[in-house]
Amino acid sequence: MRWDVHTDYVADLACDGAGRTLLSSSGDCSLCAYDLRTGGGPSTKGARPSYRRSDDLEDELLSLAVIKDGKKVVCGTAEGALAVFHWDDWDDAADVYAGHPKSIDCLLPLDDDTVLTGSGDGLLRVVQIHPNKLLGVVGDHGGFPLEAMRFGPAGRNLVGTVCHDEVVRLWDVSVLVDDGDDDEDDDEDDDEEDEEEGVGAGASSLPVRAHRGAAAEDDSEDSDDIDKSADSDDSGPPPKKRKGKNTPHRIQTENEKFFQDL
C-alpha cells in the first residue's frame with residue numbers, strides 16, 4: 001500500500017479512532033486524508049477515491065491531531081497558527097487561530113477540547129480549541145525547538161518531551177487532565193455523604209418525635225387537671241350573698257326625719 005501524493009516532505013501522521021482514515025500533513029502546505037479500506041494508488045473510475053487532498057494553505061503544516069471526538073482535525077503551521085478542519089471536509093481549513101510567535105512543531109491532544117503545543121520558541125503550551133483560547137504554559141526548554149512529545153505509560157498525568165538538546169524531560173500535567181474515574185469517585189463520595197446525612201437525620205428525628213409526644217401528654221394532663229378543678233368548683237353549692245353588703249344606702253327626706261322624731 002502506497003500513496004505518492006505530496007510534493008514536499010511529510011511532517012506528521014495521525015489516524016481516526018476507527019482506524020479507517022490516515023491523515024498526513026506536509027511541507028507542501030496541504031493535508032491529505034487516505035481511506036485505508038480502499039488501498040493505495042490511484043482510484044479506478046467510478047470507485048470511491050482512496051485519498052483526498054486539501055487546497056494549498058500557503059503555510060507549511062508541521063503537525064496534526066484529531067480532536068472533538070473525531071469531528072475536527074487541528075494542524076500546526078510554520079507561521080505559528082493552528083488550522084482547524086471539519087472532518088470529511090478537507091478542501092480548506094474552517095478556522096485559523098494565530099497566537100504562537102514561532103512554528104508549532106508538535107501537537108498532543110489532552111482531551112476533546114484541549115491540546116498541548118510544542119513550539120519553535122521552546123515553550124510547551126496548553127491551548128483550547130473552539131472556543132480558541134491560550135490557557136497557559138506548561139514548561140520551557142531553554143529556547144530549543146520542541147521535536148516531539150508523548151504521554152507516559154501510566155495514564156496521561158506525565159508528558160515526555162524532546163528538543164534540540166540532549167535532555168529528555170517529563171512534565172506533570174495531571175492538573176490539566178479530565179479524569180472521568182476521579183469524577184465517578186467524587187460522585188460516589190458525595191452519595192455516601194448524602195446517605196450518612198440521611199441516616200443521621202432519621203436517627204435524630206425519632207427522639208424528637210418522642211419528646212414531642214411526651215410534651216403533648218404532659219400538656220393534656222395539665223389541661224385535664226384544670227378542667228377537673230373547674231368542674232369541681234361548678235358542682236359545689238353556690239356562695240351565699242351577704243345581706244346589706246351590696247344594698248345601696250337610701251337618703252331620708254326632711255318629712256320622714258320629722259315624723260321619725262315624733
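At 9% relative accessibility, does Asp28 count as buried or exposed? In this predicted model, Asp28 counts as buried, its relative accessibility being 9%, which places the residue under the 20% limit used for that class. The residue also takes part in a salt bridge with Arg53, in which the closest N and O atoms are 3.0 Å apart. Because Arg53 lies in strand β4 while Asp28 belongs to the loop between β2 (21-26) and β3, the pair ties together parts that are 25 residues apart in sequence. Arg53 itself is partly exposed, with a relative accessible area of 34%, so that a buried acidic partner is joined to a partly exposed basic one.

The strand that carries Arg53 is part of an open sheet of 4 strands, which are arranged in the order β1-β2-β3-β4 and paired in the antiparallel sense. The edges of this sheet are taken by β1 (10-15) and β4 (51-53), and since each of these has a single partner strand, one side of each is left without a neighbour in the sheet. On average, and with direction ignored, neighbouring strands of this sheet are turned by 20° against each other. Strand β3, which covers residues 31-35, runs antiparallel to β4 and is joined to that strand by 3 bridges. Within this part of the sheet, Cys32 stands opposite Arg53 in β4, and Arg53 is thus found both facing Cys32 across the strands and forming a salt bridge with Asp28.

Side chains of opposite charge can pair when their charged atoms come close, and 6 salt bridges are present in the structure. Besides the pair already described, one of them is formed by Asp35 and Arg37, for which the closest N and O atoms are 3.2 Å apart. The two partners fall into opposite classes of accessibility, as Asp35 counts as buried at 7%, whereas Arg37, at 54%, counts as exposed. A further salt bridge brings together the side chains of Asp165 and Arg169, with an N to O distance of 3.0 Å; in this case, both residues are buried.

A second open sheet is made of 3 strands in the order β13-β14-β15, again with antiparallel pairing. Here β13 and β15 (168-172) stand at the edges, and because each has a single partner strand, one side of each is left without a neighbour in the sheet. The twist from one strand to the next averages 25°. Between β13 and strand β14, which spans residues 158-163, the antiparallel pairing extends over 5 bridges, and Leu146 is the residue that stands opposite Cys163 in β14.

Edge strands of both sheets also appear around the largest pocket, since β1 and β13, together with β5 (61-67) and β9 (104-109), each supply at least two residues of its lining. The space within this pocket amounts to about 330 Å³. In total, 19 residues line the largest pocket, and those lying nearest its centre are Leu64, Leu107, Leu108, Pro109 and Arg150. By residue class, the lining of the largest pocket divides into 13 nonpolar, 1 polar and 5 charged residues.

Conventions. Residues are numbered from 1 along each chain as its sequence is written. This is a predicted model: local features need pLDDT of at least 70, side-chain atom pairs count only at pLDDT 80 or more; totals for chains, interfaces and linings use all residues. Side-chain values use heavy atoms; hydrogens and water are left out. Two strands pair if DSSP finds at least two bridges between them. Axes are lines fitted to C-alpha atoms, for helices over the stretch in contact, and angles run from 0 to 180 degrees between N-to-C directions. A salt bridge is a side-chain nitrogen of Lys or Arg within 4 Å of a carboxyl oxygen of Asp or Glu. Buried means under 20% relative accessible area, exposed over 50%, partly exposed in between (1.4 Å probe, protein chains only). On a 1 Å grid over the protein atoms alone, a cavity is a set of points where a 1.4 Å probe fits but cannot get out, and a pocket is an open set with protein on both sides within 12 Å along at least five of seven lines; lining residues have an atom within 4 Å of a point. Grid points are joined across faces, edges and corners, and a volume is the space filled by probe spheres set on the points. Ala, Val, Leu, Ile, Met, Phe, Trp, Tyr, Cys and Pro count as nonpolar, Asp, Glu, Lys and Arg as charged, and the others, Gly among them, as polar.
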